[in-house]
Amino acid sequence: MRVEVLFDALEARLKARPARTFELPGRALREAAVLLPLFERQGVPYVLFTRRPTNLRTHAGQYAFPGGGQEARDVTPLETALRETEEELGIARGDVRVLGLLDETPTTSSYRIRPYVGVIPGDGKYVPNPMEVDLVLEVPLAALLDPSIVRVERHMWEGLEHDVHFYTHGEHVIWGATARILRNFLQLVVDVPDVRDLLDAPLPAGP
């Protein structure tokens with residue numbers, strides 16, 4: 001099973017299912033969008049994350065997908081996700097193959113995120129904006145599907161208990177809204193027929 005076949009299958013599934021929306025009664029949520037970037041290198045599918053600098057006002061030091069708040073110049077949420085990806089990593093929006101939209105995800109900072117899944121070039125030629133990104137993290141998709149890397153805790157938010165997932169890859173811990181988006185995506189991945197034929201291939205060495 002080639003990686004391109006996996007990307008095609010994910011695109012078909014995303015287009016066949018409507019993304020769930022999210023509303024929080026009594027609170028106006030600000031609009032945001034992110035791109036969950038996939039790429040292929042040497043026959044292995046990867047997911048890309050960024051780490052936010054520690055001097056930011058919100059979510060400092062946390063792992064994220066490229067994206068941010070919708071601006072007046074953005075006609076659609078997708079334009080927000082692609083613009084932010086270009087600004088944060090130097091990936092031209094025309095080089096992104098958009099596969100579709102995942103479920104909307106809230107944040108504790110009162111944003112409603114629309115997460116798009118897209119395929120980016122696998123050449124690793126990023127131009128990180130140091131004001132927004134202090135690390136680019138590439139993780140093989142198969143590593144993220146390993147149940148041993150996931151820890152679940154019960155937390156309170158808006159007066160309700162809910163599960164918080166933590167994905168640990170080497171020294172890197174992915175949690176919060178990024179982990180919720182990732183979990184939604186991984187649930188989609190495991191439903192692809194024969195996906196293990198590809199993901200059970202040997203992984204590159206290193207974290």
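This is a short tour of one strand with its neighbours, then of a pair of helices, in a predicted model.

**Stop 1: strand 7.** Select residues 111-119, which make up strand 7. Colour them by accessibility and you'll find a mostly covered strand, with eight of its nine residues buried.

**Stop 2: strand 1.** Now add residues 30-41, which form strand 1. Strand 1 runs parallel to strand 7, and nine bridges pair the two. For a spot to zoom in on, pick P37 and look for its bridge partner in strand 7, G118.

**Stop 3: strand 5.** Next, show residues 97-101. This is strand 5, antiparallel to strand 7 and joined to it by four bridges. Click on L101 and you'll see Y116 of strand 7 opposite.

**Stop 4: strand 6 and the hairpin.** Select residues 105-106 for strand 6, which is also antiparallel to strand 7, with two bridges between them. Here P106 faces R112 of strand 7. Then follow the chain through the four residues between strand 6 and strand 7: in this hairpin, S110 has a positive phi near 70 degrees.

**Stop 5: helices 1 and 4.** Leave the strands and select residues 3-16 (helix 1) together with 176-189 (helix 4). Their axes lie 10 Å apart and the packing angle is about 110 degrees, so helix 1 sits roughly perpendicular to helix 4. The crossing is right-handed.

Which residues in helix 1 meet helix 4? Show side chains for L10, R13 and L14, and on the helix 4 side for F185, L188 and V189. Of the residues in this contact, five are nonpolar, one is charged and none is polar.

Definitions and conventions:
Residues are numbered from 1 along each chain as its sequence is written. This is a predicted model: local features need pLDDT of at least 70, side-chain atom pairs count only at pLDDT 80 or more; totals for chains, interfaces and linings use all residues. Side-chain values use heavy atoms; hydrogens and water are left out. Buried means under 20% relative accessible area, exposed over 50%, partly exposed in between (1.4 Å probe, protein chains only). Two strands pair if DSSP finds at least two bridges between them. Axes are lines fitted to C-alpha atoms, for helices over the stretch in contact, and angles run from 0 to 180 degrees between N-to-C directions. Angles under 35 degrees count as roughly parallel, over 145 as roughly antiparallel, 65 to 115 as roughly perpendicular and the rest as oblique. A crossing is left-handed if the near helix is turned anticlockwise from the far one by less than a right angle, and right-handed if clockwise. Contact means heavy atoms within 4.5 Å. Ala, Val, Leu, Ile, Met, Phe, Trp, Tyr, Cys and Pro count as nonpolar, Asp, Glu, Lys and Arg as charged, and the others, Gly among them, as polar.
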